[in-house]
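Thanks for coming. I will talk through one structure, starting with a place where two helices touch and ending with how far the model can be trusted.

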Amino acid sequence: MKIEQEEKEEEENMEEGTEAEACVGYVDWKGKPAVRGKHGGMLAASFVLAVEIMENMAYLANASNLVTYLAGFMHFSLSRSATTVTNFMATAFLLALLGGFLSDAFFTAYHIYLISALLEFLGLVILAVQAKTASLKPPPGEEAAGGKTVILFAGLYLTALGVGGIKGSLAPHGGEQFDESTARGHKARSTFFNYFIFCLASGGLLAVTFVVWVEDNKGWQWGFGISTITILLSIPVFLAGSPLYRNKVPTGSPVTTIAKVLLAAISSRRGNFQSARNAVVDLEQSSPAKESKESEVRGPGEELKWLNRAAEGRPLHRALLCAAHEVEDVKVVLKLLPIFLSTIMLSCCLAQLSTFSVQQAATMDTRVGGLKVPPASLPVFPVIFIMALVPLYDHAIVPLARRATGSDTGITHLQRIGMGLALSVVAMAVAAAVEMKRKRVALRVGEGFKGPLPITFFWVAFQYLFLGSADLFTLAGLLEFFFSEAPARMRSLATSLSWASLAMGYYLSSALVSMVNRVTTTSSGGVGRKGWLSGGSLNRYHLDRFYWLMCVLSALNLANFVFWATRYRYRSGQKQ
């Protein structure tokens with residue numbers, strides 16, 4: 001009732017106000033001040049949602065099946081294929097930080113998307129040409145090396161650079177289309193982020209069904225070609241929304257601000273600093289801190305008191321003078337970091353879906369009736385579940401939760417993230433149990449058995465379902481949490497932490513695999529025992545033990561998250 005009353009008051013205020021009210025801190029695509037009612041809103045954001053379908057289809061079509069391409073056509077070993085895929089995906093997500101930084105500091109998210117889409121297009125062209133040209137691939141049975149490897153990695157990492165820029169700019173650009181100063185804007189933005197995940201899943205569904213089938217049955221040159229054309233077509237679709245977009249004006253490097261405040265807090269001296277205070281007052285009056293109402297909410301100044309020295313102390317140099325709003329912004333960013341670090345373990349679990357889980361399914365019976373399903377299409381299960389759950393969540397669960405809690409978002413961001421982390425613990429326990437069952441079947445039929453094991457790949461689908469659900473809750477919660485909690489001048493960079501979490505998780509996965517192999521490899525009297533995750537056949541791996549280890553680590557990580565989440569105080573007015 002309270003929310004509905006606030007919305008009625010907002011409608012009355014909007015009717016009384018002028019339609020040509022400028023959106024402070026925003027411009028249109030021509031660089032003129034954006035106008036409330038003319039620019040932004042769900043219609044503008046709908047172009048972002050359409051582009052997300054195309055972008056994620058182009059990216060995931062290759063990422064989900066790349067391990068098969070590297071092992072089958074580049075003749076990489078299973079371990080090298082898995083490591084290459086993991087590092088490719090990690091690099092793409094980590095580069096989202098670069099895209100977010102450039103969007104906040106020097107360019108608009110609008111321009112960063114266009115540049116990044118072109119970079120991804122060029123990378124996919126290189127991969128498509130290599131897949132089509134026999135002379136650019138190694139002979140059968142010979143591992144790719146030399147110039148062929150250079151071409152492969154040039155295409156992969158140019159694609160990763162483009163993907164990173166898109167991830168770091170597209171979601172923040174969509175989020176900026178909503179007026180945060182109203183309850184209606186809060187609700188619309190929450191709906192946008194929910195449907196952003198829905199569109200991400202829709203693109204993934206096309207990728208792991210249609211495009212993966214084309215790659216496995218018609219050739220990889222066609223798969224890469226479809227991705228190339230899709231990302232190219234996303235550019236005019238994105239440009240079609242230009243007259244409706246409102247673009248946040250870059251306000252300088254957020255990294256510089258963070259570094260300046262931290263350095264000033266560490267080095268500033270207390271004493272007679274009246275002249276410094278006068279300079280700070282001048283700095284605040286002349287700074288572009290006259291932000292929109294959306295950024296006027298400040299975090300509690302009593303937290304992280306040691307940073308107050310940056311504004312209250314006597315700096316070593318005038319360049320280290322800090323305004324109070326800069327100190328408060330840095331406090332907010334530092335408070336986000338424990339939440340960010342708590343989600344890395346989930347991303348480490350997700351990395352298994354692109355590597356070991358695909359290899360598991362490849363040893364099993366993948367027939368469904370008369371159709372043989374490619375192992376890389378296994379993500380279709382969580383994708384379909386996500387697509388069904390998002391509308392139910394946004395149109396049924398959230399309205400009920402709003403009435404019960406009085407919060408615009410119904411369920412708080414941290415509660416959503418916590419649900420995802422809890423599901424990841426269940427997922428790894430299920431994965432370990434399924435692998436134990438698969439290995440029992442492999443032992444029963446013996447090593448000489450040819451063909452797929454007599455066990456359906458639907459067993460592996462359970463871990464995809466649980467981890468996919470965990471990803472839905474956590475990623476959607478993270479995107480909106482970082483966007484809404486971060487200072488306005490740092491939003492793109494902060495939102496990119498959602499993708500950086502995935503990157504760190506993929507890198508952690510590679511490190512864990514190497515560490516586990518090193519620790520579990522033994523050698524005595526010339527007779528050595530291979531590590532848990534090494535050997536020529538997956539049936540010789542101790543993948544179940546690795547999954548149990550991941551389950552224990554995920555449970556410890558969940559406890560760490562609960563510790564920080566229960567102590568976090570929202571700056572955006574959400575209830576705990």
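**Two helices in contact**

In this predicted model, Pro338, Ile339, Leu341 and Ser342 of helix H13 meet Asn557, Asn560, Phe561, Trp564 and Ala565 of helix H21. Sorted by type, the residues of this contact are six nonpolar, three polar and no charged.

Where do these helices lie in the chain? H13 covers residues 324-342, and H21 covers residues 543-565. Two packed helices are described by the angle between their axes and the distance between the axes. For H13 and H21, the angle is about 160° and the axes are 9 Å apart. An angle over 145 degrees counts as roughly antiparallel, so H13 and H21 are roughly antiparallel to each other. The crossing of H13 past H21 is left-handed.

Next, charged pairs. Side chains of opposite charge can pair when their charged atoms come close. How many salt bridges does a search of the whole structure find? It finds nine. One of the salt bridges joins Glu55 and Lys167, with the closest N and O atoms 3.4 Å apart. Glu55 is in helix H2, residues 42-63, while Lys167 is in helix H7, residues 147-175. The two residues are 112 residues apart, so this pair links distant parts of the chain.

Last, confidence. The protein chain has an average pLDDT of 81, and 87% of its residues score at least 70. Over residues 271-283, however, the pLDDT is below 50, and this stretch has 19 contacts beyond near neighbours in sequence. Residues 10-19 also stay under 50, with six contacts beyond four places in sequence. Where pLDDT is low, the predicted coordinates should not be read in detail.

Methods
Residues are numbered from 1 along each chain as its sequence is written. This is a predicted model: local features need pLDDT of at least 70, side-chain atom pairs count only at pLDDT 80 or more; totals for chains, interfaces and linings use all residues. Side-chain values use heavy atoms; hydrogens and water are left out. pLDDT is the predictor's confidence in each residue, from 0 to 100. Contact means heavy atoms within 4.5 Å. Axes are lines fitted to C-alpha atoms, for helices over the stretch in contact, and angles run from 0 to 180 degrees between N-to-C directions. Helices (H or I, at least four residues) and strands (E, at least two) are DSSP runs, numbered from the N terminus. Angles under 35 degrees count as roughly parallel, over 145 as roughly antiparallel, 65 to 115 as roughly perpendicular and the rest as oblique. A crossing is left-handed if the near helix is turned anticlockwise from the far one by less than a right angle, and right-handed if clockwise. Ala, Val, Leu, Ile, Met, Phe, Trp, Tyr, Cys and Pro count as nonpolar, Asp, Glu, Lys and Arg as charged, and the others, Gly among them, as polar. A salt bridge is a side-chain nitrogen of Lys or Arg within 4 Å of a carboxyl oxygen of Asp or Glu.
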